[in-house]
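The following exercises are to be solved with the sequence and the three-dimensional model in view. Each task is followed by a solution in steps.

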Amino acid sequence: MRVKIVVAGALALAACSRADEPGAEEQAALANYVPPFVMSRLDFGGVVERRFRRLDVNNDDRLTLNEMSKRLAPRFDEIDRNKDGAISNEEWSAWMMTRFDGQDINHDGIVTSDERERARELHEADLPTPADEPANAAAPARN
Ligand SMILES: [Ca+2]
Ligand SMILES: [Ca+2]
């Protein structure tokens, strides 16, 4: 009996709050909405280049360990293929494209959210997404 009352009360409360805040549910749905991720190898090349520029704080065309993000720092030695203590644009692109290809499970040159998810399950990946790279990152800072 008590259980029934509690359930009825919860339902009434839910109905009530829904009435108080119309659209709250839709707002929550929007907030949790993740657009399907589709990126071509070509687009990814642009993301890779922009990311390199953004990471290269002192603009010397090399990424040093202190310019790496926390997520990338543990990979530094792996990316720095010739072990000269700096990551060149070439080394960066090679590594990033290898990661892209690793996620492109069906090798059609496009990584979809589905492939990304599956690749993530296989190995922890940190491929940058368009969300990581604001659209205005490519635009000049000022004109
Ligand atoms: Ca640098
Ligand atoms: Ca190097």
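**Exercise 1. Place Asp80 in the model and decide whether this residue is buried or exposed.**

Solution. The model is a predicted one.

Step 1. Asp80 has a relative accessible area of 2%, and therefore counts as buried. The cut-off for this class is under 20%.

Step 2. Asp80 belongs to the loop that runs between α4 (76-79) and β3 (87-88).

Step 3. When neighbours within four places in sequence are set aside, the contacts of Asp80 are Gly85, Ala86, Ile87 and Glu91. One of these, Ala86, is likewise buried, because its relative accessible area is 2%.

Step 4. Trp92 stands 12 residues from Asp80 along the chain, and their C-alpha atoms are 7.9 Å apart.

**Exercise 2. Determine which protein atoms are donors to the calcium ion (ligand 2), and classify the site.**

Solution.

Step 1. The donors are Asp80 (OD), Asn82 (OD1), Asp84 (OD), Ala86 (O), Glu91 (OE) and Glu91 (OE). Glu91 thus appears twice in the list. The distances to the ion run from 2.2 to 2.5 Å.

Step 2. Along the sequence, the spacing of these donor residues is D-x1-N-x1-D-x1-A-x4-E.

Step 3. Ideal angles for six octahedral donors are 90 or 180 degrees. The angles among the six donor atoms of ligand 2 are 55 to 157 degrees, so the arrangement is irregular.

Step 4. Asp84, one of the donor residues, is partly exposed because its relative accessible area is 44%.

**Exercise 3. Carry out the analysis for the calcium ion (ligand 1): which atoms are its protein donors, and how are the donor residues spaced?**

Solution.

Step 1. The protein donors are Asp56 (OD), Asn58 (OD1), Asp60 (OD), Arg62 (O), Glu67 (OE) and Glu67 (OE). They lie 2.0 to 2.7 Å from the ion.

Step 2. The spacing in sequence reads D-x1-N-x1-D-x1-R-x4-E.

Step 3. The site of ligand 1 is irregular, with angles of 52 to 160 degrees among the six donor atoms.

Step 4. Two of the donor residues may be examined for exposure. Asn58 has 47% relative accessibility and so counts as partly exposed. Asp60 is also partly exposed, because its relative accessible area is 33%.

**Exercise 4. State how many aromatic pairs a search of the whole structure finds, and describe those that involve Trp92 and its partners Phe52 and Trp95.**

Solution.

Step 1. The search finds three aromatic pairs.

Step 2. In one of them, the rings of Phe52 and Trp92 are 6.5 Å apart from centre to centre. Their planes make an angle of 50 degrees, and the pair is tilted.

Step 3. This pair links distant parts of the chain, since Phe52 is in helix α3 (residues 41-55) and Trp92 is in helix α5 (residues 89-103), 40 residues apart.

Step 4. Trp92 also pairs with Trp95, again in a tilted arrangement, with 6.3 Å between centres and 35 degrees between planes. Both residues lie in helix α5, three residues apart, which is about one turn of the helix.

Step 5. Phe52, Trp92 and Trp95 together form one aromatic cluster. Phe52 and Trp92 are both buried, and Trp95 is buried as well.

**Exercise 5. How many salt bridges does the structure hold, and which residues form one network?**

Solution. Side chains of opposite charge can pair when their charged atoms come close.

Step 1. The structure holds six salt bridges.

Step 2. One of them joins Arg41 and Asp101, at 2.7 Å from N to O. This pair links distant parts of the chain: Arg41 is in helix α3 and Asp101 in helix α5, 60 residues apart.

Step 3. Arg41, at 36% relative accessibility, is therefore partly exposed, and Asp101 is partly exposed because its value is 29%.

Step 4. Another salt bridge forms between Asp61 and Arg53, whose closest N and O atoms are 2.6 Å apart.

Step 5. The side chains of Glu78 and Arg75 meet in a further salt bridge of 3.4 Å, N to O. Through shared partners, salt bridges also join Glu49, Arg53 and Asp61 into one network.

Terms used: Residues are numbered from 1 along each chain as its sequence is written. Chains are lettered from A and ligands numbered from 1 in the order in which they are written. This is a predicted model: local features need pLDDT of at least 70, side-chain atom pairs count only at pLDDT 80 or more; totals for chains, interfaces and linings use all residues. Side-chain values use heavy atoms; hydrogens and water are left out. Donors are N, O and S atoms within 2.8 Å of the metal (3.2 Å for Na, K and Ca); water is not among the atoms, so sites may look incomplete. Four donors count as tetrahedral if all angles lie between 85 and 135 degrees; four count as square planar and six as octahedral if opposite donors are over 155 degrees apart and all others between 65 and 115; anything else is irregular. Buried means under 20% relative accessible area, exposed over 50%, partly exposed in between (1.4 Å probe, protein chains only). Rings of Phe, Tyr and Trp (its six-membered ring) pair if their centres lie within 6.5 Å; planes under 30 degrees apart count as stacked, over 60 as edge-to-face and the rest as tilted. Helices (H or I, at least four residues) and strands (E, at least two) are DSSP runs, numbered from the N terminus. A salt bridge is a side-chain nitrogen of Lys or Arg within 4 Å of a carboxyl oxygen of Asp or Glu. Contact means heavy atoms within 4.5 Å.
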